[in-house]
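Student: Please take a close look with me at one part of this model, the nonpolar side of its surface. I would like one connected explanation.

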Amino acid sequence: MSATEITAGVPTEITAGVPAAPRASRDPAVRLTFPRIMRSEWIKLYSLRSTRWSLLVTLVLTIGLGGLAALARESHPRGVLDPLSTSLTGVQFAILSVGVLGVLLISGEYSTGMIRSTMSAVPKRLPVLWSKLGVYAAVELVILLPAVFAAFFVGQAILSGKHLNIALSTPGVPRAVVGAALFLTLGGLFAMALGAILRNAAGAISAYVAIMFVIPSLLGLLPSSISNAIAPYLPAKAGGAIMDITHKANTLSPWAGLAVLSAWTAALIAIAAVQLRRRDV
Amino acid sequence: MHAGGRRFDPVWLHCNRHVESAALGGARTPSLTASRVPRARVSSERMSSVGRFIRSLIWGPADRPRINPRCSFSLLSSEKALFSNQRISVIEVSHLTKRYGEKLAVNDMTFTVRPGVVTGFLGPNGAGKSTTMRLILGLDRPTSGAATISGRPYQEFSAPLQEVGALLEARSVHTGRSAYNHLLAMAQTHGIPRARVREVISMVGLDAVAQQRAGGFSLGMGQRLGIAAALLGDPEVIMLDEPTNGLDPEGIHWIRDLLRRMAAEGRTVFLSSHLMSEMSLTAEHLVIVGRGRVLRDMPLEDFVAEWSRNVVRVISPQASELRSAILAPDVRVTASSPSVLDVEGLSSQQVGEAAARIGAVLHELIPQKTSLEEAFMQLTQEESEYRADRVETPDAEFELERVAA
């Protein structure tokens, strides 16, 4: 070692020996509360441009595709599709966009490092998960309830020109339309829980697409005795039953189906909660 | 000591943070019974069992403390006068260990970060500094040991942002959100008013870009935003990981002044760096780590005293005569070339006088000290994980200093 010069300067401003200046007493009102954490998550949700775009896409898909399907009905003979499911065609696609948003709202925190800020503000962690799920569910319901009714009325208005329409007063129709919004919201929560477990957008979206779209179609490759027994309980198929107004073979009843999807979602959320408590951020 | 006297006892305040509002408010003197019962527990006792159940669902079960939460901290006699009638907070790290798979990132670290001084957390890359800070904040769970603030784990505070303000390594901000909304979202969790958000934005000089997406920020601006977030709750403890990374000289100067001012207010300031030169300008106390272990925990002054070897470099055409004239049992002389001697154990004055006695010509007589940076490198060399094979590089700083001398 060749000896070199200079000793880096020791601070000359000596703070020691001077009594510390008394500071103002703390405001006891400043503390964590659950409603405040919800408000924080609401700010986080609306302040991202991607949220607004994603919600817009969901709206366009839900209403627009239903309308397009109604327009396309002209050439088909009556009875192939019921008019209700025609106007709710968009729901089958919107389930993808609500899922992507659900995943991104949570995986975006991990990919950007925001999660470290979030969890150092709320070190108990769990209230953040509940708030994210709650705020996201509320926002989706507020957007989707009008959207599914709009899709229904737009679709029926187009179909009425062809005398194929169905009235909202038809038994089961109000339940199916409201159920479409519930189905989409639950799908979004399902995806959000996947995002919380996998913490990675690509992985969680792939898993979501696999569960919602790929596995149901792969089941068709199995012997029908097996696939018919399993298929009704898959999340997408079970949840979709809420939109049926005529009973289909190998399908759960509407509310039982929605309950099965809720159970899947609740199970994933429980896993996410346990993991959030245990794992490092 | 009776309860009234405790109001002005900083250690009592430190260890009984949960009753501090009563203690500091002055409206009523905390009675002994009141001081023993944390506020949170009082409120949960009033709650119905349904309310308690919902509360535990929302907030999760309480973390089981890993060490006795009784406060083990005591003030040094020199500190007692400084913190009279003053809240204080202390970071206590005890036998903290964190293992990631095979890798032992933090290995049985024990140290205390005291109030009123800037404590530097110094170590080469990969020494475990950032991990330790994450453990203190409860972001990572320790494998064993514990890190507490005022004797309690960070998770247990009802207003964590008022307790510790932290800037963590890398960015901890969503790139798609504006600086203002980022800070607002953090502030909202605690009910910190919007005025405070605007105040910290001004403090760090981000007013002009507060509404822009944080993703477009330069490294220095991102760092300022992180510092703003750390200041949001006006915290007792400020903990910054490599705060000067990417800051311009003006920013570095500003953060140094800010940290010293906060320490002078009796706060606990803890900042990490891998640069000794940086630390020597800001910190008064050093915790030096390498490979997850604490290597030194001492005041900067003591570190300087320990490591400054006093060497005098003499350049003389009569080096060999001079050498025999000054050789003594406690003097060590090394010759790096025929005319250059490095003398250890004598002051430059003594060497000069010895040269005069034998009539030797001196071309140069330079007192040298080991630089802190060098001492730090030497200390951490065996410990440093990413140590490159030693490459001899010309010491530019040394050359410059010689010219100046």
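Tutor: Happy to! Let's start with how chain A holds together: among its contacts (heavy atoms within 4.5 Å) between residues at least 6 apart in sequence, 75% join residues at least 24 apart. This is a predicted model, in which local features need pLDDT of at least 70 and side-chain atom pairs count only at pLDDT 80 or more, while totals for chains, interfaces and linings use all residues. Residues are numbered from 1 along each chain as its sequence is written, chains are lettered from A and ligands numbered from 1 in the order written, and side-chain values use heavy atoms, leaving out hydrogens and water.

Chain A has eleven helices and zero strands (DSSP runs numbered from the N terminus: H or I of at least four residues for helices, E of at least two for strands). Of its 281 residues, 49% are buried (under 20% relative accessible area; exposed is over 50%, partly exposed in between, with a 1.4 Å probe and protein chains only).

Now the outside. Chain A has about 12200 Å² of accessible surface (Shrake-Rupley method, 1.4 Å probe; for residues, only the protein chains shown count as cover), and 70% of that surface belongs to carbon and sulfur atoms. Here A:L96, A:F213, A:V214, A:L218 and A:L221 make a nonpolar patch of about 450 Å². Helix α8 (residues 201-219) gives the most to this patch, with three residues. A:L221 sits in the loop between α8 and α9 (224-230), and A:L221 counts as exposed because its relative accessible area is 71%.

Note on methods:
Patches are made of residues with over 30% relative accessible area and no salt bridge: like charges are joined within 9 Å, nonpolar side chains (Val, Leu, Ile, Met, Phe, Trp, Tyr) within 5 Å. A salt bridge is a side-chain nitrogen of Lys or Arg within 4 Å of a carboxyl oxygen of Asp or Glu.
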